[in-house]
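Subject: Structure handover and findings

Dear colleague,

I am handing over the structure we spoke about, and below it you will find an account of what came out of going through it. Please read the notes with the coordinates open beside you.

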Amino acid sequence: MPKEIEYKELLKILPHDDILQQCIHCGMCLATCPTYDITKLERSSPRGRIKMIKSVARGEMEMSRIFADEMNFCLDCQACETACPAGVKYGRMVETARVVIDNTKYVSKAGVTIKRFALRKIVASRDGLKFVSRLLWFYQKTGLQKLVRLSRILKFFSKNLSEIETLSPVIADKFSDTQIKEIELPNGEVKYKTAFHFGCLMNTMFADINIDTIDVLKECGCKIITPHDQVCCGSLMGHNGDMEFALKLARKNIDAFDKHDYDYLISNSAGCGAFMKDYAHLLEDDPAYAEKAKRFSSKVKDVMEFFSEQKPELIFNLELEPELTTYHDACHLIHAQKISTQPREVIKSLPGVEYKELEEANWCCGSAGIYNVVRYDDAIKQLERKMGNIKNTNAKIVLTGNPGCMGQIKHGTKKFNVDVEVLHPVTLIKRLLKSHQKS
Ligand code: SF4
Ligand code: SF4
């Protein structure tokens with residue numbers, strides 16, 4: 001792509017030039033940035049990246065391999081946004097820059113093609129993802145996985161492949177969309193009219209958490225509408241250079257839910273919830289969808305946000321011994337959705353919990369969407385730090401509200417030998433409910 005077009009494209013799709021202007025270069029974000037913490041280089045910091053984006057967009061600096069690599073080295077954790085006194089929307093800038101660099105010679109064409117194929121044809125396609133999940137299920141259940149691990153054959157293909165293989169979650173026997181009815185009713189009176197987004201990876205690879213969520217919501221008195229024509233939220237595409245496709249998915253979801261009457265759209269995945277809350281901004285210039293997107297986004301609630309606000313009455317087994325429990329903030333909950341006190345309030349109120357705060361609970365675990373797959377070595381540096389902090393709590397349970405973090409921390413328990421159970425908070429709630437305990 002010629003230089004002039006790169007600049008024009010970057011300027012055209014950067015949200016607004018005034019966002020670039022907002023950075024006052026104070027450096028308050030530097031101490032919160034995991035990549036700056038590793039390299040101590042200005043260009044690996046939020047401030048440095050903003051300066052580079054600004055310079056490239058204005059034609060003052062040439063697009064380069066270093067520029068592309070720094071945009072992809074960023075975890076897009078958005079810790080810098082939380083720290084920023086000027087309200088700079090850094091996430092939107094880096095995501096826009098990624099759209100541009102994927103069309104340059106500085107990023108491997110084969111890599112972009114594989115990434116795009118995997119995200120469009122597998123992750124975003126329910127049938128495609130089910131097919132791959134079934135293969136993985138077969139691989140795990142038949143003992144093939146054990147054989148591959150014992151033979152260490154994957155090491156012949158690439159240094160990290162055998163490690164990446166262990167990141168795969170244990171696939172449930174049944175997907176959640178085959179178990180959740182389009183309309184689920186509580187046993188007693190209907191207190192809340194809710195809808196549920198079952199997601200893509202949550203539906204196939206974390207199906208049990210979706211079932212736990214439905215069970216707990218029913219216990220709270222929720223009528224739950226789960227449209228089966230809903231699709232993946234688009235966050236993985238939006239964060240990884242394919243915003244055009246992400247917006248197509250956003251419109252499909254809006255259409256799927258718009259037909260129904262509900263007050264809260266519950267999500268149990270931090271990444272999906274954050275992206276769906278952002279549909280309003282992402283589609284604000286689309287005359288056909290701007291209003292509908294605003295309405296849709298205003299109803300999205302993380303499941304722990306919903307519990308914290310509504311305080312539904314739940315009946316717990318009070319005879320259980322409390323277990324030492326800690327909590328890791330998923331970046332897309334604390335930084336993107338500004339949700340941090342709510343899950344803690346709910347967790348601390350549970351009778352089966354003795355709570356201990358985690359040091360650096362809001363530091364990224366290195367999962368970051370597909371970052372731990374495409375940049376495994378960088379992701380592991382963040383994970384090692386996270387596992388050290390978890391170990392220091394002596395907790396028996398670590399809770400977190402995002403599937404990516406759960407998978408990454410589970411990987412860390414084996415890699416760094418930390419004896420802790422990793423759960424979604426909603427799974428713990430279900431486990432403590434009197435009505436769901438085995439006698
Ligand atoms: S998003 Fe995270 S990794 Fe990227 S610049 Fe901000 S703090 Fe650093
Ligand atoms: S992004 Fe915000 S915190 Fe970071 S240097 Fe700019 S103004 Fe300061």
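Which residues have the most contacts inside the largest nonpolar core, and how many residues does that core have? Please bear in mind throughout that this is a predicted model. The core in question has 112 residues, and the ones with the most contacts inside it are Ile266, Tyr279, Cys364 and Val398. Helix α7, residues 90-101, gives the most to this core, with 6 residues. Val398, once its neighbours within four places in sequence are left aside, is in contact with Thr326, His328, Ile390, Ile409, Val420 and Val422.

Next, the strand that begins at Ile397. Ile397 has its place in strand β8, which covers residues 397-399, and Ile397 is buried, because 21 other C-beta atoms lie within 10 Å and the threshold for that class is 20 or more. Not counting residues up to four places away in sequence, Ile397 touches Glu323, Thr325, Val420, Glu421, Leu423 and Leu428. Ile397 and Ile254, by contrast, are separated by 143 residues in sequence and, C-alpha to C-alpha, by 36 Å in space.

Two asparagines deserve a look at their backbone angles. Most residues other than glycine have a negative phi. Asn394, in the loop between α24 (376-393) and β8, nevertheless has a positive phi, near 60°, and Asn394 is exposed, with 11 other C-beta atoms within 10 Å. Asn417, which lies in the loop between α25 (403-415) and β9 (421-423), likewise has a positive phi, in this case near 55°, and with 9 C-beta neighbours inside 10 Å Asn417 also counts as exposed.

Turning to the ligands, what surrounds ligand 1, and which residues are closest? There are 14 residues around ligand 1, and the closest are Cys33, Pro46, Cys74, Cys77 and Cys80. At least two residues of this shell are supplied by each of α3 (34-39), α4 and α6 (79-83), and by character the shell divides into 9 nonpolar, 3 polar and 2 charged residues.

Ligand 2 has 16 residues around it, of which Cys23, Cys26, Cys29, Arg47 and Cys84 come nearest. The elements that give two or more residues to this shell are α4 and α6, and α4 gives the most, with 3 residues. The shell around ligand 2 divides into 13 nonpolar residues, 2 polar and 1 charged.

Since helix α4 appears in the shells of both ligand 1 and ligand 2, its geometry is worth setting out. Helix α4 runs over residues 46-57, and at 1.5 Å a residue these 12 residues should span 16 Å, which agrees with the 16 Å between its end C-alpha atoms. The buried residues of α4 are Pro46, Arg47, Arg49, Ile50, Met52, Ile53, Val56 and Ala57. Just after α4, Gly59 takes a positive phi of about 80°.

Finally, the sheet: in what order do its 5 strands stand? The order is β1-β3-β2-β4-β5, in an open sheet with mixed pairing. β1 (183-184) and β5 (300-302) stand at the edges, where each has a single partner strand, so one side of each is left without a neighbour in the sheet. Strand β2 (residues 192-196) and strand β3 (residues 222-225) run parallel and are joined by 4 bridges; Lys193 has Lys223 in β3 as its bridge partner, and Ala195 stands opposite Ile225 in β3. β1 and β3, on the other hand, run antiparallel and are joined by 2 bridges, and Glu184 stands opposite Ile224 in β3. The two faces of β3 are an uncovered one, with Lys223 and Ile225, and a covered one, with Cys222 and Ile224.

With best regards

How values were computed: Residues numbered from 1 in each chain as written. Chains lettered and ligands numbered in written order. Predicted model: local features only at pLDDT ≥ 70, side-chain atom pairs only at ≥ 80, totals over all residues. Expected span 1.5 Å × (residues − 1). Buried ≥ 20, exposed ≤ 12 C-beta atoms within 10 Å, placed from the backbone. Near = placed C-beta within 6 Å. Nonpolar A, V, L, I, M, F, W, Y, C, P; charged D, E, K, R; others polar. Core = buried A, V, L, I, M, F, W, Y, C linked by C-beta atoms within 7 Å. Contact = placed C-beta atoms within 7 Å. Pairing = 2+ DSSP bridges.
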